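The following note sets out some points for a colleague who is beginning to read this structure. Please keep the sequence and the model in view while reading.

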Amino acid sequence: MKLCKLMTVPVPIPFGTLESALQWSSAEAPFDSAALLSRATGQVFFTSECGDADDDLPDDIDDESVYVAVPHKNDLGLGRTLVLAFAEEHAPMHFQTIESFFRHKGAYAKFKALLERTQLMDRWYVFEAAATRRALEAWAADNGFVVVDDLSAPRTSDTP
């Protein structure tokens with residue numbers, strides 16, 4: 001007797017919506033702001049300790065079986081880890097300097113200033129955008145969503 005695995009259809013979520021939710025969740029210290037996605041519809045709800053969020057939150061917003069929190073960028077390796085990966089690949093001569101930035105406050109400002117001086121800013125933005133897309137697509141797939149460019153066309157790995 002074969003057991004059939006229950007198949008669920010991933011919920012489509014536009015990349016822009018998911019990226020905005022990540023930005024909201026990452027705007028402050030972890031857990032200060034949260035973006036919660038409905039597992040059934042992909043609708044996003046925003047919460048904040050500062051009070052500047054959605055006023056009409058569903059009563060069951062704390063139910064993790066119904067809503068999933070979009071992680072902070074650091075939880076997806078999109079913070080210091082990504083900067084160091086970029087430095088290793090695109091600016092190895094500055095790796096130690098960049099690594100030292102992240103031992104103190106103001107690291108990103110110093111990092112971006114170095115990128116400006118060395119004409120690497122555009123390369124950083126491309127690298128960061130590609131890594132963000134990959135990380136969000138993987139997170140979405142792990143949580144029952146599929147990232148789409150719009151609600152009519154799912155993105156596949158074959159799509160540029």
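1. Definition and overall make-up. Helices, of at least four residues, and strands, of at least two, are DSSP runs, numbered from the N terminus. On this basis, the protein chain of this predicted model contains five helices and six strands. Read from the N terminus, the elements follow the order β-α-β-β-β-α-α-α-α-β-β.

2. Confidence. How high is the average pLDDT of the protein chain? The average is 87, and 84% of the residues score at least 70. Residues 153-160 call for caution, since the general rule is as follows. Where pLDDT is low, predicted coordinates should not be read in detail. Over residues 153-160 the pLDDT stays under 50, and the model has nine contacts for them beyond four places in sequence.

3. Burial and contacts in the chain. The protein chain has 160 residues, of which 34% count as buried. If one takes the contacts between residues at least 6 apart in sequence, 58% of them join residues at least 24 apart.

4. Strand β2 and its partners. Five of the six residues of strand β2 (residues 33-38) are buried, and the strand is therefore described as mostly covered. With which strands does β2 pair? One partner is strand β3 (residues 44-48), in the antiparallel sense and over five bridges. Another is strand β4 (residues 67-69), which also runs antiparallel to β2 and is joined to it by three bridges. L36 of β2 can be followed to both sides: its bridge partner in β3 is F45, while in β4 it stands opposite A69. L37 has V44 as its bridge partner in β3.

5. The hairpin and strand β3. β2 and β3 form a hairpin, with five residues between the two strands. Within the turn, G42 has a positive phi of about 80 degrees. Is β3 enclosed or open to the outside? Strand β3 is largely enclosed by the rest of the structure, because four of its five residues are buried.

6. Helix α2. Which residues of helix α2 (residues 80-90) are buried? They are L82, V83, L84, F86 and A87. These buried residues pack against three other helices, namely α3 (95-101), α4 (107-117) and α5.

7. The loop between α4 and α5. Q119 is found in this loop. Most residues other than glycine have a negative phi. Q119, although not a glycine, has a positive phi of about 55 degrees. Is Q119 buried or exposed? Its relative accessible area is 68%, so Q119 is exposed, the cut-off being over 50%. T118 lies in the loop between α4 and α5 as well. T118 has a relative accessibility of 26% and therefore counts as partly exposed. Between the C-alpha atoms of T118 and A91 there are 9.1 Å, although the two residues are 27 residues apart in sequence.

8. The largest pocket. The space in the largest pocket amounts to about 250 Å³. Its lining consists of E19, L22, Q23, S26, A27, K73, L78, Y125, E128, A129 and T132. By character, five of the lining residues are nonpolar, three are polar and three are charged. Which helices supply at least two residues each to the lining? They are α1 (15-26) and α5 (121-142).

9. K73, one of the lining residues. K73 is among the residues that line the largest pocket, and it lies in the loop between β4 and α2. Why does K73 count as partly exposed? The reason is that its relative accessible area is 26%, which falls between the limits of 20% for buried and 50% for exposed. Beyond its neighbours within four places in sequence, K73 is in contact with L22, S26, L78, G79 and Y108. L22, S26 and L78 also belong to the lining of the largest pocket. K73 and L22 are 51 residues apart along the chain, yet their C-alpha atoms are separated by 6.7 Å.

How values were computed: Residues numbered from 1 in each chain as written. Predicted model: local features only at pLDDT ≥ 70, side-chain atom pairs only at ≥ 80, totals over all residues. Heavy atoms only, no water. 1 Å grid on protein atoms, 1.4 Å probe; cavity = no way out; pocket = protein on both sides within 12 Å on 5 of 7 lines; lining within 4 Å. Points joined across faces, edges and corners; volume = space filled by probe spheres on them. Nonpolar A, V, L, I, M, F, W, Y, C, P; charged D, E, K, R; others polar. Buried < 20%, exposed > 50% of the residue type's maximum accessible area, 1.4 Å probe, protein only. Pairing = 2+ DSSP bridges. pLDDT = per-residue confidence, 0-100. Contact = heavy atoms within 4.5 Å.
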